[in-house]
Amino acid sequence: MQAKKRYLVLFSAGACLLLLFCFGGVQVPLSRRAHRRDDRSLPGLHPGARWRRWPGYLQPFSALDRDTSDDLSGHMSPRQKRDSNSGVYTGRRCRMESCFDFSLCERTGFKVYVYPQQKGEKLSESYQNVLSSIEGSRFYTLDPGQACLFVLSLDTLDRDQLSPYYVHNLRAKIQSLPLWNEGRNHIIFNLYSGTWPDYTEDLGFDIGLAMLAKASISTESFRPNFDISIPLFSKDHPRTGGQRGYLKHNTIPPYRKYMLVFKGKRYLTGIGSDTRNALYHVHNSEDVVLLTTCKHGKDWEKHKDARCDKDNAEYDK
């Protein structure tokens, strides 16, 4: 009986020591040489921190690597959350010197290649205009081997899931492109992202090392000297032509009837509502004309204010 008790005590003590060793409670003495090698492989750890390294252990978490759309996920459906999680950018810190291959431009100069349109893929009129402008320029090339810059034929302008031009499974389609190369030397065009009222900047796919030419891009997401901020243009915007400008030799005011014109939706709630709701302060119906409508979304009447009827009437003129 006494022998059984001794064996039981020894077994319990051994099990406790094993658990302590696994979870870092016991430090195994290492040689001075091993200390130095381990310190180099684990940056930021002091010699006394000898935690056992499990496969798949948690990496240090940086606040800069967080997907900012997580803060707005309260209004998102499960499907939107899944798409948002799949669209975390891997090239958040990209710059020209780190994510762009200049050697491709040294061979034949600045040439732009547009991918051939895939069968069955729809293109919006706006994106077709973008591609046509590139194909009609002197920088366009049919040979990808001579290209310095690559442009997708997949429509990425409208990434609002409620839009009829939203391209589904875009991530898989882009990853299957043989020239994608993690997005290096590619440029992605985008005008709209997310869905009202959240309008997150997530595109639903990882742009990788590609440059982003985007309208209404936030300062938190913009990568200086790498991304391009573009204006938000409508599908009716002419691709070429138009009259010459009237502003000559810094003439102020210019020889035009209107100094400032804006016409668009007035968001009653959500992102952008504070700015749009303040436009009426500078609207004077003469040379500054800022027209907004409250008719946005199916339940806009629930949020309408005292100015909505008047604003809607002027907008519809």
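**Exercise 1. Pairing of S9 and S10**

In S10, which residue is the bridge partner of Gly264? Determine how S9 and S10 are joined and how S10 is covered.

*Solution.* The structure is a predicted model, in which local features need pLDDT of at least 70 and side-chain atom pairs count only at pLDDT 80 or more, while totals for chains, interfaces and linings use all residues. Residues are numbered from 1 along each chain as its sequence is written, and side-chain values use heavy atoms, with hydrogens and water left out.

Step 1. Helices (H or I, at least four residues) and strands (E, at least two) are DSSP runs, numbered from the N terminus. Two strands pair if DSSP finds at least two bridges between them.

Step 2. Strand S9 (residues 260-265) and S10 run parallel and are joined by six bridges. Within this pairing, Thr292 of S10 is the bridge partner of Gly264.

Step 3. Residues count as buried under 20% relative accessible area, as exposed over 50%, and as partly exposed in between (1.4 Å probe, protein chains only). In strand S10 (residues 288-293), six of six residues are buried. Val288, Leu290 and Thr292 point one way, whereas Val289, Leu291 and Thr293 point the other way.

**Exercise 2. The six-stranded sheet**

Establish the strand order of the open sheet and trace the pairing from S5 to S8.

*Solution.*

Step 1. The order of the six strands is S2-S1-S3-S5-S7-S8, with parallel pairing. S2 and strand S8 (228-229) are the edge strands, each pairing on one side only.

Step 2. Four bridges connect S5 with S7, and Phe189 has Ala213 of S7 as its bridge partner.

Step 3. Two bridges connect S7 with S8. On the S8 side, Ile228 is the partner of Ala213 and Ser229 is the partner of Lys214.

Step 4. S7 is covered on both faces: Met211 and Ala213 are buried on one side, and Leu212 and Lys214 are buried on the other.

**Exercise 3. Helix H6 and the nonpolar core**

Describe how H6 is placed on the sheet and what H6 supplies to the largest nonpolar core.

*Solution.*

Step 1. H6 lies across S1, S2, S3 and S5 and runs at about 135° to S1. Axes are lines fitted to C-alpha atoms, for helices over the stretch in contact, and angles run from 0 to 180 degrees between N-to-C directions.

Step 2. Helix H6 (residues 125-135) has the buried residues Ser126, Tyr127, Asn129, Val130, Leu131 and Ile134. Their cover includes strands S1 (112-114), S2 (140-141), S3 (149-151) and S5 (186-190).

Step 3. A nonpolar core is a set of buried Ala, Val, Leu, Ile, Met, Phe, Trp, Tyr and Cys residues joined through side-chain atoms within 4.5 Å. The largest one has 43 residues, and those with the most contacts inside it are Tyr127, Val151, Leu152, Ile188 and Phe189. The largest share of this core, four residues, comes from H6.

Step 4. Contact means heavy atoms within 4.5 Å. Beyond its neighbours within four places in sequence, Val151 is in contact with residues including Tyr127, Leu131, Ile134, Ile187 and Phe189.

**Exercise 4. Salt bridges and helix H9**

Apply the salt-bridge rule (a side-chain nitrogen of Lys or Arg within 4 Å of a carboxyl oxygen of Asp or Glu), and relate the result to the burial of H9.

*Solution.*

Step 1. The rule yields seven salt bridges. In one of them, the closest N and O atoms of Glu121 and Lys173 are 2.7 Å apart. This pair links distant parts of the chain, 52 residues apart: Glu121 is in the loop between S1 and H6, and Lys173 is in helix H7. Glu121 is buried at 16% relative accessible area, whereas Lys173 is partly exposed at 23%.

Step 2. Helix H9 (residues 308-316) has Cys308, Asp311 and Asn312 buried. These residues cover an arc of only 100° around the axis and therefore lie on the same side of H9; the arc is that of the directions from the helix axis to the C-beta atoms. The face turned away from the buried side carries the exposed residues Asp309 and Lys310. S10 is among the elements that cover the buried residues of H9.

Step 3. Asp311 is buried, at 14% relative accessible area, and forms a salt bridge with Arg307, with the closest N and O atoms 3.9 Å apart. Arg307 is partly exposed at 23%. A network of salt bridges links Arg266, Asp305, Arg307 and Asp311.

Step 4. Asp316 and Lys295 also meet in a salt bridge, at 3.8 Å from N to O. Asp316 is in helix H9 and Lys295 is in the loop between S10 and H9, 21 residues apart.
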